[in-house]
Amino acid sequence: MNSIILRVGTQYLCGILVLFSLYMLIRGHNEPGGGFIGGLIGSTGFVLFALACGTADARNALKVMPQNIAMAGLGIALLAGIYAAIFGDALFTGQWLFINETPEDKGIPISTVLFFDIGVYLVVFGSILSIVFAMEEEI
Amino acid sequence: MNDDTATATKPTGNGLVGLIPVGIALLLFGWFLSLAPAIADGQTLRVVWDWVPSLGISMSFLLDGLSLTFALLISGIGALVLLYSNTYLAGHPQFARFALFLTSFMLAMLGLVLADNLIGLFVFWELTTITSYLLIGFGHDTTKGRRSALQALFVTGAGALALLAGFILLGFSMGSFELSEILVQADALKAHEMYLPILILILAGTFTKSAQFPFHFWLPNAMAAPTPVSAFLHSATMVKAGVYLMARMHPGMSGTDVWFWTLTIAGAFTAVFASILALRQTDLKQALAYTTLMALGTLTLFLGQTSGYAMTAFATFLVVHSLYKASLFLVVGCIDHSTGTREADVLGGLGRIMPFTAFAAGLAALSMAGFPPFLGFIGKELKYAGILAIGSEPFIFAAALLLANALMFAVAGIVALRPFWQRTGIALPRKPQEAPWTMLAGPVILAVLGALFGVYPDLLQVSLVDPTVKSLLGSIEDSKELKLWAGVNMPLIMSIATVALGAALYLGHKRLRPALGRLVDASPQFDNGWDRFLAGLKAFAAWQTRIIQPGILRRYIFATFATVLIAIGGTMLLRNAMPALPDLSDITFQNVALVVLISAGALLTAVTSSRIAAMAALGVVGIGVAMIFIVFSAPDVAITQLLVETLVVVLVAVALLRLPVLDENGRDRRPLDAILAGGVGLSVTLVLLAVLETPLDLRLTEYFEVTSWPEAFGRNIVNVILVDFRALDTFGEIAVVVIAALSAYALLRTTHPRKDP
């Protein structure tokens, strides 16, 4: 597939998909979305990119080996779980911090749960891409 | 010591890596020693930490006479062996690994003898299995080393599985996993209907660990390990773990006929059998290995009894054996290190060159042979007194013990006398020289202790023997006195007979060897049997792999679905759980349309002869399923489903380029597959209908609905469950995802050489 229109179009589409996947990841705690879905959307963007421009370009654009992304995600998820244990709770208990909290408004929530979800995102993203890239290079 | 010239070029130690473990062991030894007076006063110490409170599992440790004796032997001999190996393996490239293994093993062993909780004890038991596997297999560049390590791992590991089953049975039968609570209910335990299964399972664990016949064959092979490891594992630790556990269980389980006969017969047979084999060995280390088997057999034999003499004999011989055996192993290591050989027929005349080694060897061997005034003599006298106190058939067992002791006498001569004093005139592989002090410290200290305790038996009596007997029998009233001269009595006469018979065997052992060889060759070979057993196991695995996993994807899927059909359909038929027809009155056009869409897609996938069409039809099925989720308002699941479908289409499209065309004539129809597919579909449908017949338990759903926002600050319940309530499950799942991805990557990469990146 060597169409210039497809290649240019896909590059923009990939960016939009990755951006959208991050949006789905962040909103996941209250609305449909989350790490699994976000990771799937993000990886779809790069799968399309690899189809249109070749895996070499896709790997260059990604800069990091997808396997490493997946491993990093697993590590982040684990750390997010261990964090609770350090503070005496059971493993994987959510720890929350509300920035600018007022009695009426909870402010900006930051939590280990979010980091755990980011880990899930990276695992799904990295795993799918490592399989798809390897398959495409094989053929 | 004249090691200066030789060690000028060779490293003498391994720096801090070699010294820190020695320090750890010494600190532990000192700590246990400081607790000894309290234990000698009759106290016991108990420490408890909660581990898994929800299952009643705690990390509880108990220090009484029995555990203290073991703990002192383990940490004391451990310190000497670690100091010794620092020189023995000086400059070895993998010394750090060795030190780690040996220290871990020592700590696991200490945990084992101190644990009061059954589960905790089992965990330490397995830790010793694993670390001893690593130690025996330290010389992993030889086939023999790997085989020996694996054999030890399999035999003791299999026993440990039985032991775990026994522990769980014991814990549930007695309502507690704490040994200190179980063992006080001895009568209830012995009368329990589960007593026999528990006993068999626990003995399976201890007999394999302590290498009792017929599980003895792994121990001599384990001599593939470096000599310091053998000295440690086969004197005071690894193989004594089984003996320890039998002693620990003794107050609660002994006294029954089955306990008495099993332990007595297995112990006596192992002792005689092993000491006959020991005489046959020409390799010094192998000879010692077989005498270790003999000692383990003797200890087991005494644990079968309940008399005060037997228990005192057990406690004394335990210490005696650990002292002289560790010492002799280390001496053999010195000889090997210095001359490059361990062959008894080659070695000779080392007495003048290695005087300190000869001194240690002589003391240890005199103790082993049972000469006064050594502790070994007292141990032997007590053994004879203990064996004569056996209730039934004492003379058969006494004769067995006498024979075994006489053989030990002969082996002591072979190991400690001949290498130093005989003249062979055969050139040694290396010019021998005396070992450095770090290697002499262990054997000399241990051998001198054997003599010291012989002259002052009260020291040992008060500090270790009496408390151990108290652990076994509940009081020290039955503990017999350790003394060198007990008057002219039956044990003394038997001792004299032992010396006479042993001397005769020693003088004639070269002539006996061929006869013994023929005897051994004629009897069943357990080591070869082991090889046949493993070969059979591998052949079976290969056979069933050929049937179930032939490498054809279609067969895999067939096997999987056939199993599902048999499991689900069979269960439903057997249980007669056929559901009633469902109520279809509230069905809508929307539902019907979805069902038709999905069924049509599935059917088309199965019958089409075009791959593109099949793929598209499969996509229809997936989207139909996603729409079901939308209809029943599960947007998260629907989105995931849609995205996965998209990715599957992409993946299949990539793979499609490589696949051959389908059979266009449509002859490739497989009726069997169709029947299987239909059967699986039907049975799954029936199961779902049956499930719907029981009212759905909504408590969990309600709990999540109520607590999701106030406790987890999230309104999307699916996501909150995934990342908060059930985060541990999710973590397991993403770990599986990563493993799957890495495996797929590895598979794809190994089919062809890697292209340029």
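**Exercise 1. In which helix of chain B is the place of B:Leu403, and is this residue buried, partly exposed or exposed?**

Solution. Keep in mind that this is a predicted model.

Step 1: Look along chain B to residues 394-416, which form helix H18; B:Leu403 has its place there.

Step 2: Count the neighbours. Within 10 Å there are 18 other C-beta atoms. A buried residue needs 20 or more, and an exposed one has 12 or fewer, so B:Leu403 is partly exposed.

Step 3: Find B:Gly502, 99 residues away from B:Leu403 along the chain. The C-alpha atoms of the two are separated by 8.4 Å.

**Exercise 2. Describe how H2 and H3 of chain B pack.**

Solution. Two packed helices are described by the angle between their axes and the distance between the axes.

Step 1: Take helix H2 (residues 16-40) and helix H3 (residues 65-88) of chain B; their axes are 8 Å apart, and the packing angle is about 155°.

Step 2: Angles over 145 degrees count as roughly antiparallel, so H2(B) is roughly antiparallel to H3(B).

Step 3: Add the handedness: H2(B) and H3(B) cross in a left-handed way.

Step 4: Sort the contact by class. Between H2(B) and H3(B) it has 18 nonpolar and six polar residues, with no charged ones.

**Exercise 3. Work out which helices of chain B help to form the side that touches chain A.**

Solution.

Step 1: Start with the totals: 40 residues of chain B are in contact with 41 residues of chain A.

Step 2: On the chain B side, at least two residues each come from helix H27 (635-656), helix H30 (717-725) and helix H31 (727-750).

Step 3: Pick out the one that gives the most: H31(B), with 14 residues.

Step 4: Classify this side of chain B: 27 residues are nonpolar, seven polar and six charged.

**Exercise 4. Compare the backbone and surroundings of A:Lys63 and B:Ala211.**

Solution. Most residues other than glycine have a negative phi, and most peptide bonds are trans.

Step 1: A:Lys63 is not a glycine, yet its phi is positive, about 70°. B:Ala211 also has a positive phi, near 55°.

Step 2: A:Lys63 is exposed, with 6 other C-beta atoms within 10 Å, whereas B:Ala211 is buried, with 27.

Step 3: Now explore the loop between H9 and H10 of chain B, where B:Ala211 lies. B:Pro214 is found in that loop too, and a cis peptide bond with omega of about 5° joins B:Phe213 to B:Pro214.

Conventions:
Residues numbered from 1 in each chain as written. Chains lettered and ligands numbered in written order. Predicted model: local features only at pLDDT ≥ 70, side-chain atom pairs only at ≥ 80, totals over all residues. Helix = DSSP H or I, 4+ residues; strand = E, 2+ residues; numbered from the N terminus. Contact = placed C-beta atoms within 7 Å. Nonpolar A, V, L, I, M, F, W, Y, C, P; charged D, E, K, R; others polar. Axes fitted to C-alpha atoms, helices over the stretch in contact; angles between N-to-C directions. Parallel < 35°, antiparallel > 145°, perpendicular 65-115°, else oblique. Left-handed = near helix turned anticlockwise from the far one by under 90°.
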